[in-house]
Structures are given as structure tokens and as C-alpha cells.
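Please look through the sequence and the model below before reading on. The notes that follow are grouped by topic.

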Amino acid sequence: KNKSGEPQALAPWLIRLAQYAHAVDIRVYKNYQAPWCLARPMPSAMPAPTALPYLPERLSAQSYSALRRCPYQFFSRAVLGLGMLDELDDMLEKRDVGMWLHEILFRYHSQHQAVVTPTLDVDSLNKTKPVLSSGNTDQRGETLRSEAKTLGAEQSLEVISQHFFFFFLAQDGHALAYWKRWQKLIPSYLDWQQKREQQGWYWYGGEIVLEHTLLDLNLTLHGRIDRLDLHAQNGWAILDYKTQARQRLLAKCKQVAEEVQLPFYAWLSELCQAAMPFPQARIAQQSEINQSMWVALEGNHVDEVALPELTL
């Protein structure tokens, strides 16, 4: 029966079954009385925390920033391992382009640690336009290295960029818009690089992977530095490429206590000191990291935004 005491109606398929059963003198309607059940109260106690064995053993700058921003999200993701499912999306994102620019600039500076001239010679560049091919990655890399060595620093950056973007343009036409924007920024980047060299700062290494273990905490700090510059008198500088406009990076400087990435890298580099992963970028004990900045690769021109706490 229902709450009002009326007989409860059967589901349609049970009504149909009852009709067939009635034809053979079988009754499907039956009163049912639920038995009483006696249960004793069982008071519960608050469980003791047991998260200590599940704390992460590795911590990056991004994880540390998440811990400061929202400890609950850090706990749910880093400790409990919870997270949203990744959606299948093959659309090109700005994050992907940022990774390309990191690789382009690393390859460029690995071959040219100093800029010879400040701007691109457009006329001469058009006369020596490289022929692009869609071969495999190894052949493309060999062609890239041979062409880059025979060209000047300015043309080399153009060649490296073309080869890199051409590979992705063959897969996604949306990369064309980003390629055009980066082409316009190449002269500005070379101008900025030359001004930096005039100040005494020179590219010394890139894509540097650092790790340091805090034994008392059983925690390993790790990170990847985009770029490391060296000054004869002022020591070392950490640079981080950003595909963001200068105004947005200036706004981050106003909340520098929340933007811990560059200070994290500076601290990690000083912890590592002479234990850099390759000997060419070994930090001497007497040299300190005295400058840390973002390099804005967005907008009409390349610019830098330095963190005041790590600037001479």
C-alpha cells in the first residue's frame, strides 16, 4: 500500500504477468510484511590521519605553487591522486606553441651564444630562403644543423624556426597563425638579445634539469630552467620564457609572493651549486644568482620583466 493506505499499483509488466497467471489459476498478488530488525547502536570515532605515507616524494615549482594557493587541491591531487579525466582534444593550444618556442630558442642559442647583428636582413634572407622538406625527424635535424652552421646568427634563427614550424604545419594548419606572429617577433628578439649582451649578460645554458633531495624531509625538489645567463661581475641570471604579454607579467610582479616559480628555481639552483647536470653550466661557489626574470614572447615586441627581489 502507498502512504495514503491505498493498494499500490503494480508495474505494467507485472500487470501483464498477472493476467497470464490468472489464466492458469496462479495468484501473483501477495501481502508481504517486512520483518522487524533490532540493531544495537555502534558509536563511531574520528579516524586518525594516515596521509603521511602517501605524501609525494617529489615536488616541482608548479606543485609548490598549488600547495600555497590551495592546500586542499594539493592534497586531493598530489596525495589522493584525484583529478579530472583528460578530454580527447587535438586542437592546437597556446601551451603547445610555447613549448615549440622553448625548443627553437634552445637550439638557436646552442649554436649561436652571441648575436652578431641586431636585426634581420630581410632582403638577403629572402635570397637564401631554405628549401623545406617533409622528411623524417632525423633527416630534418641533420639538414637543420648543416644549414644553421653555414648561415649567420640572424638567418639561423629564421631557418630553425621554419624547419620546426613546418613540421607542425603539416599536421595542423592552425599553426600558421602562430608562425606568422613569431616571424614578426624574431627581429625584436634579436634586438633584445643584443641589448642584453651589451649589458654583459650572455647565454650559458638552456633546458637545464635540476634536482635536490632534502634528506630530513625525504623530499626531492626538481625543475627545468629555460635559460641560464652569466655575467662576468654580476654572477648568474635565471630566465623563463612566457608566451604572455608584458602587462600580464607586470601584474604578476605585484603579487610576487604568490608567483614562486622563479624564486623556486633560484633556490634550487643555489642548492645544487656545483652539481649542475652538465659541466659547461657549472655554478661556481663564489657566483650567486642575482637576477631572475620573465621574457615576454607575446605582443608587438619581446620584453623582459624582472623580479625585484632577485635583481641587482
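Which residue takes a positive phi in the hairpin of S5 and S6? In this predicted model, that residue is Gly299, whose phi is near 95°, and the hairpin has six residues between its strands. The points below begin with the chain as a whole and then turn to the hairpin, a helix pair and two further backbone positions.

**The chain as a whole**

- The secondary structure of the protein chain consists of 10 helices and six strands.
- Of the 312 residues in the protein chain, 37% are buried, and the area that the chain exposes comes to about 20,700 Å², with carbon and sulfur atoms supplying 55% of that area.
- When contacts between residues at least 6 apart in sequence are considered, 70% of them join residues that are at least 24 apart.

**The hairpin of S5 and S6**

- Strand S5, covering residues 289-296, pairs with strand S6, covering residues 303-306, in the antiparallel sense, and the pairing extends over four bridges.
- Within this pairing, Met293 stands opposite Ala306, a residue of S6.

**The packing of H4 and H8**

- Two packed helices are described by the angle between their axes together with the distance between those axes.
- Helix H4 (residues 94-111) packs against helix H8 (residues 175-198) at an angle of about 40°, and the axes of the two helices are 12 Å apart.
- Angles from 35 to 65 degrees fall outside the roughly parallel and roughly perpendicular ranges, and H4 and H8 are therefore oblique to each other.
- The crossing in which H4 passes H8 is right-handed.
- On the H4 side, the residues that meet H8 include Lys94, Val97, Trp100, Leu101 and Ile104, along with Leu105, Tyr108 and His109.
- On the H8 side, the residues that meet H4 include Ala175, Tyr178 and Trp182, along with Tyr189, Leu190 and Gln193.

**Positive phi outside glycine**

- Glu207 is not a glycine, yet its phi is positive, at about 50°, and this residue has its place in strand S2, which covers residues 201-214.
- Asn218, which is likewise not a glycine, has a positive phi of about 55°, and Asn218 lies in the loop between S2 and strand S3 (219-231).
- The relative accessible area of Asn218 is 53%, and because exposed means over 50%, Asn218 is exposed.

Terms used: Residues numbered from 1 in each chain as written. Predicted model: local features only at pLDDT ≥ 70, side-chain atom pairs only at ≥ 80, totals over all residues. Heavy atoms only, no water. Buried < 20%, exposed > 50% of the residue type's maximum accessible area, 1.4 Å probe, protein only. Contact = heavy atoms within 4.5 Å. Areas by Shrake-Rupley, 256 points an atom, 1.4 Å probe, with all protein chains shown as cover. Pairing = 2+ DSSP bridges. Axes fitted to C-alpha atoms, helices over the stretch in contact; angles between N-to-C directions. Parallel < 35°, antiparallel > 145°, perpendicular 65-115°, else oblique. Left-handed = near helix turned anticlockwise from the far one by under 90°.
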